[in-house]
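Welcome to this tour! Keep your viewer open, and at each stop select what is named before reading on.

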Amino acid sequence: MGIQNPDELNEPNEATGGRAETDVEARVGLSYTFGQLKKDPTAWVGFVIIGTVSVVAVIAFVDQTFLHYWLADHLWVDPVRDTSAPSLLKPPFVSNQGTWNHVLGTDTRGRDVLVRLFYGARIAIEVGFLSTVVGLVGGTAAGAVAGFYGGWIDDVLMRAVETLYAIPFLVLVIAFMTAFGRTLVFAMIGVGIISIPTFARLIRSRVVSVREEGYIEAARAAGVRDRNIILRHVIPNSFAPVLVQATLQIGIAILLVAGLSFLGFGAQPPTPSWGQILSNARNAILVNPWFSFWPGLAILVTVMGFNILGDGLRDALDPRIQN
Amino acid sequence: MSDTLLEVTDLRTQFFTDEGVVRAVDGVSFDIGEGEIVGLVGESGAGKSVVAQSILRLVEEPGEIVGGEIRYRDELLFGLEDGPGADATERDGMLTEAEMREGIRGTEIAIIFQDPMESLNPVFTVGDQLREFIEINRDLGRKAAREEAVHLLREVGIPEPESRYGDYPLQFSGGMRQRALIAMALACEPSLVVADEPTTALDVTVEGQILELVDDLQERYETSFLWVTHDMGVVAEVCDRVNVMYLGEIVERASVDDLFYETKHPYTRALLDSIPRPDETVKSLDPISGVMPEAIDPPDGCRFHPRCPAAREVCTSVNPDARLVTADEDASHHAACLEHEDAFGAGYESSPSLDAETAAGFNAGFDRRADHD
C-alpha cells in the first residue's frame with residue numbers, strides 16, 4: 001500500500017483497539033469501504049482532486065445548461081465570447097506582462113484561460129463518467145452472461161467482444177463518429193465501446209468462479225430465474241474488480257476524449273473542452289508557451305486523481321490487504 | 001402408510017466425463033409418503049447428493065438424468081419414452097424447465113444444502129434474502145414479506161429476529177445460518193424438503209438442536225423430508241424409513257427399527273459395525289475394509305462383493321436388485337443381497353465362499369495394525 005508516512009505508523013494503536021469487535025461486524029458495505037479508503041492518505045488525495053473537479057464541473061454544467069453563462073458573466077468573465085483585442089494571448093500573472101484580471105492569461109481570442117478550463121472540466125467529467133457507464137454496462141452484461149452460461153454462448157460473446165481489440169482505437173472511433181455524427185455524444189459512446197472488452201473479460205473471470213458458489217445453486221434450487229440469479233447473485237459478488245477498473249477507466253476516457261477533441265473530434269467550439277483548448281494552444285505555443293501548459297496540467301491532474309483513487313479502491317476492496 | 005408424495009422409479013443419472021461415463025445413480029427406486037421423513041444413507045460418493053439434485057432436475061453439466069421416472073403427486077417431474085430414433089425423448093406431460101422453476105422448486109419441493117457457510121449470498125443481509133424469496137414466491141408485498149421473514153426467523157429459533165434481520169451472513173454462526181436456511185426452505189410451506197446432509201458441517205451440539213428443530217417443525221407443518229446423510233446416528237434420530245445406498249444403487253430399504261435390529265444386507269451390517277453404538281459395548285470398532293470403487297468402473301456382479309465379508313462366488317456374476325426379503329408384507333423390508341436365498345434363488349448356499357486371499361489383500365493393513373495392539 002503506497003507510501004507509509006510516519007504519522008500513519010502511530011495511528012494503528014488507536015485503530016486496532018476498536019477493530020477487535022468491528023472486524024467481523026462490518027467488512028462489507030459502503031461505509032466500510034469508505035472507512036478503509038480514508039485510512040489511505042494517497043487515495044484521499046485522489047478523492048479530494050476528483051471531488052474538487054466534480055464540483056467545478058457541476059457548477060459549470062448548471063451555468064451552461066440552465067443559466068446560459070449568466071453566472072460566469074456576472075461573477076467573472078464570459079468563457080465563450082471573444083473579448084477586447086488588446087488582451088490576446090496574455091501570459092499568466094507570474095509573468096511581467098501578466099495581470100491578476102486573467103490569472104492564467106488569455107487565449108488566441110482574448111478569452112480568460114482559467115474560466116475556460118473550469119468550464120472544460122464539465123466536459124471532462126461528463127465524458128469520463130458517461131463513456132465509462134457505456135463500457136461498464138455493455139461489458140458487464142456480456143461478460144456476466146458469457147461467464148455464467150459458458151459453452152458456446154461464452155465463445156460467441158467473448159470472441160465477438162474481443163474483435164474490438166483488433167481494431168485501432170482511433171480508426172474505430174473516427175469511423176463511428178463519421179457514421180453517426182461528429183458530436184461529443186458519439187465520441188463518448190465510441191470511447192465507451194472501446195472499453196467493453198476490458199470490462200467483459202474482467203467480470204467474466206470472476207463470474208466463472210462465482211457461479212460455482214453454493215448460494216448460486218441454492219438460488220437455482222429455490223426456483224429463481226437465471227436473469228435474477230445473474231443480477232442479484234452473480235454480478236454483485238463479482239463486482240469489486242470491475243469497480244476498480246471503472247475508476248481507472250474514467251481517467252482513461254478523459255484522456256482519450258481530450259485526444260479526440262485535440263484532433264477536432266469531440267466538443268465543437270466555442271464550447272470549451274480541455275483537448276480543444278490544448279489544440280488551440282498548440283498554434284500559439286511559440287508566442288505564449290504558458291497557454292498550452294494549463295489544459296495539459298488540468299488533464300494530468302484529473303486523470304492522476306482517478307488513477308490514485310482506483311489504486312486506493314483496489315486496496316480497500318481487497319480483504320487480503322489490511323492496514 | 002399415508003399417500004405417496006414422491007415416487008422415484010429406476011432413476012439413472014450419469015456424468016459424461018473425459019475418462020468415461022460415471023454411473024452415479026444407477027437404477028434407484030424409492031418413495032416418500034405424506035408427512036414422512038425418509039433417510040438416504042451411504043458413504044461419500046455413493047450418489048446420495050446426485051439423487052437429491054435429480055429430484056429437482058438440478059443436475060449440471062456434464063451430468064444428465066438418462067432414465068427412470070420421478071413423480072410428485074400428479075406431476076411428472078421426469079420421464080422418458082422411446083423416441084422415433086434411437087434416442088429417448090421426454091414424455092408428454094413432463095414439466096418444462098419453466099414449470100419446474102415456478103411451480104416446484106422452492107414452492108413445492110425445497111432443498112437445504114450441506115454447507116450453510118456457502119449457501120447464503122454474502123453481499124446481502126440474511127433478512128433481505130429471506131424477504132426477497134418470500135416476495136417472489138408468495139405474492140406478498142414488501143412489508144408483508146418482511147414481517148413474514150421476521151416471523152420465520154423467530155420460528156427457527158433465531159434470537160432477536162428483528163435486529164438479526166439486518167445482519168449479513170458472515171455475522172451469523174454456522175448453526176444460525178443453517179437455521180436461516182431452514183427458514184428459507186420452509187418459507188413457502190413446501191410439501192417436501194430435501195435435506196442434503198444439512199448437519200454435516202455443524203458440531204454435534206448444534207446438530208442436536210437442528211434435528212430437534214426439524215422434528216418440531218415437521219410436526220407443525222406436516223412437511224415430508226428426504227434426509228440425505230452418512231450419519232447412522234442422525235438416521236436413528238429423525239427418520240421413519242431408510243434407504244441405504246452403495247455405489248449408485250439402493251441395497252436395503254426398511255423402516256428405521258427394522259434396519260437397525262433386523263439388518264438384512266451385509267453392507268448395512270458393516271456400516272453399523274463401524275460406528276460406536278450406545279447399546280452395545282465392543283472392544284474395537286470394525287471399519288469396512290477397502291474403499292468404495294469408482295462409479296466409472298463398477299465391479300461385475302454385486303457391487304459390494306469385493307469388500308463383502310459374506311461374498312461367495314455367485315456374487316461376482318449376479319448383481320441383485322432390492323427385493324422383499326421378509327415374509328411379513330407390512331414390514332416391506334427390501335434388500336439386494338443374494339444371501340436371501342428365498343427371494344433370489346441364485347444358488348448362494350451352494351456357491352463356494354470367495355477365497356480369503358482377496359479379502360486378505362484388503363484387510364492386510366488393518367490386520368497388521370491389530371496385531372500390534
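**Stop 1: where the two chains meet**

Colour chain A and chain B separately and look for the place where they touch: 16 residues of chain A are in contact with 21 residues of chain B. Keep in mind as you look that this is a predicted model. On the chain A side, the elements that give two or more residues are helix 2 (12-25), helix 11 (214-221) and helix 12 (226-238). Which of these should you select next? Choose helix 11 of chain A, which gives the most to this side, with 6 residues. Now try colouring the chain A side by residue class: you should find 7 nonpolar, 4 polar and 5 charged residues.

**Stop 2: helix 11 of chain A**

Stay with helix 11 and show its side chains. Is helix 11 of chain A mostly covered or mostly open? It is mostly covered, as 6 of its 8 residues are buried. Select them by name: Y215(A), I216(A), A218(A), A219(A), R220(A) and A221(A). What do these buried residues pack against? Add helix 12 of chain A to your selection, together with strand 7 (109-112) of chain B, and you have both partners on screen. Before leaving, go just past the end of helix 11 to G223(A), which takes a positive phi of about 85°.

**Stop 3: chain A as a whole**

Hide chain B for a moment and switch to a cartoon view. How many helices and strands does chain A have? The count is 15 helices and 0 strands. Of the 323 residues in chain A, 43% are buried. The chain also brings distant parts of its sequence together: among contacts between residues at least 6 apart in sequence, 69% join residues at least 24 apart.

For one such pair of distant positions, select R314(A) and L37(A). They are 277 residues apart along the chain, but their C-alpha atoms are separated by 9.5 Å. R314(A) belongs to helix 15 of chain A. Because 19 other C-beta atoms lie within 10 Å of R314(A), this residue is partly exposed.

**Stop 4: two helices that cross**

Keep helix 15 (residues 289-317) of chain A selected and add helix 6 of chain A. Two packed helices are described by the angle between their axes and the distance between the axes. Here the angle is about 35°, and the axes are 11 Å apart. Turn the view until one helix lies in front of the other: helix 6 passes helix 15 in a right-handed crossing. Which residues make the contact? From helix 6, select V113(A), L117(A) and A124(A); from helix 15, select F291(A), W294(A), P295(A), A298(A) and T302(A). By class, the residues of this contact divide into 7 nonpolar, 1 polar and no charged.

**Stop 5: the largest nonpolar core**

Bring chain B back. The largest nonpolar core has 177 residues, and those with the most contacts inside it are I254(A), V257(A), L130(B), A180(B), A183(B), L226(B) and W227(B). Helix 6 (residues 113-149) of chain A gives the largest share of this core, 17 residues. In chain B, domain 1 (4-120 + 172-246) and domain 2 (262-290 + 301-372) both give residues to the core, so it lies between them. Colour these two domains differently; their centres, taken over C-alpha atoms, are separated by 27 Å.

Now zoom in on A180(B). Leaving aside residues up to four places away in sequence, A180(B) touches L120(B), V126(B), L130(B), L153(B), I158(B) and F172(B).

**Stop 6: exposed residues of chain B**

Start with D10(B), in strand 1 (residues 4-17) of chain B. Its phi is positive, about 50°, although D10(B) is not a glycine. Why does D10(B) count as exposed? The reason is that D10(B) has 12 C-beta neighbours inside 10 Å, and a residue with 12 or fewer is called exposed.

Next, select D139(B), in the loop between helix 3 (126-138) and helix 4 (142-155) of chain B. D139(B) is another residue other than glycine with a positive phi, near 55°. With 9 C-beta neighbours inside 10 Å, D139(B) counts as exposed.

Finish at T89(B), in strand 6 (residues 88-90) of chain B. T89(B) counts as exposed, with 12 C-beta neighbours inside 10 Å. For a last look, draw a line from T89(B) to E219(B): the two are 130 residues apart in sequence and 40 Å apart in space, C-alpha to C-alpha.

Note on methods
Residues are numbered from 1 along each chain as its sequence is written. Chains are lettered from A and ligands numbered from 1 in the order in which they are written. This is a predicted model: local features need pLDDT of at least 70, side-chain atom pairs count only at pLDDT 80 or more; totals for chains, interfaces and linings use all residues. Helices (H or I, at least four residues) and strands (E, at least two) are DSSP runs, numbered from the N terminus. A residue is buried if 20 or more other C-beta atoms lie within 10 Å of its own, exposed if 12 or fewer, and partly exposed in between; C-beta atoms are placed from the backbone. Two residues are in contact if their C-beta atoms, placed from the backbone, lie within 7 Å. A nonpolar core is a set of buried Ala, Val, Leu, Ile, Met, Phe, Trp, Tyr and Cys residues joined through C-beta atoms within 7 Å. Domain bounds come from an automatic or database domain assignment. Axes are lines fitted to C-alpha atoms, for helices over the stretch in contact, and angles run from 0 to 180 degrees between N-to-C directions. A crossing is left-handed if the near helix is turned anticlockwise from the far one by less than a right angle, and right-handed if clockwise. Ala, Val, Leu, Ile, Met, Phe, Trp, Tyr, Cys and Pro count as nonpolar, Asp, Glu, Lys and Arg as charged, and the others, Gly among them, as polar.
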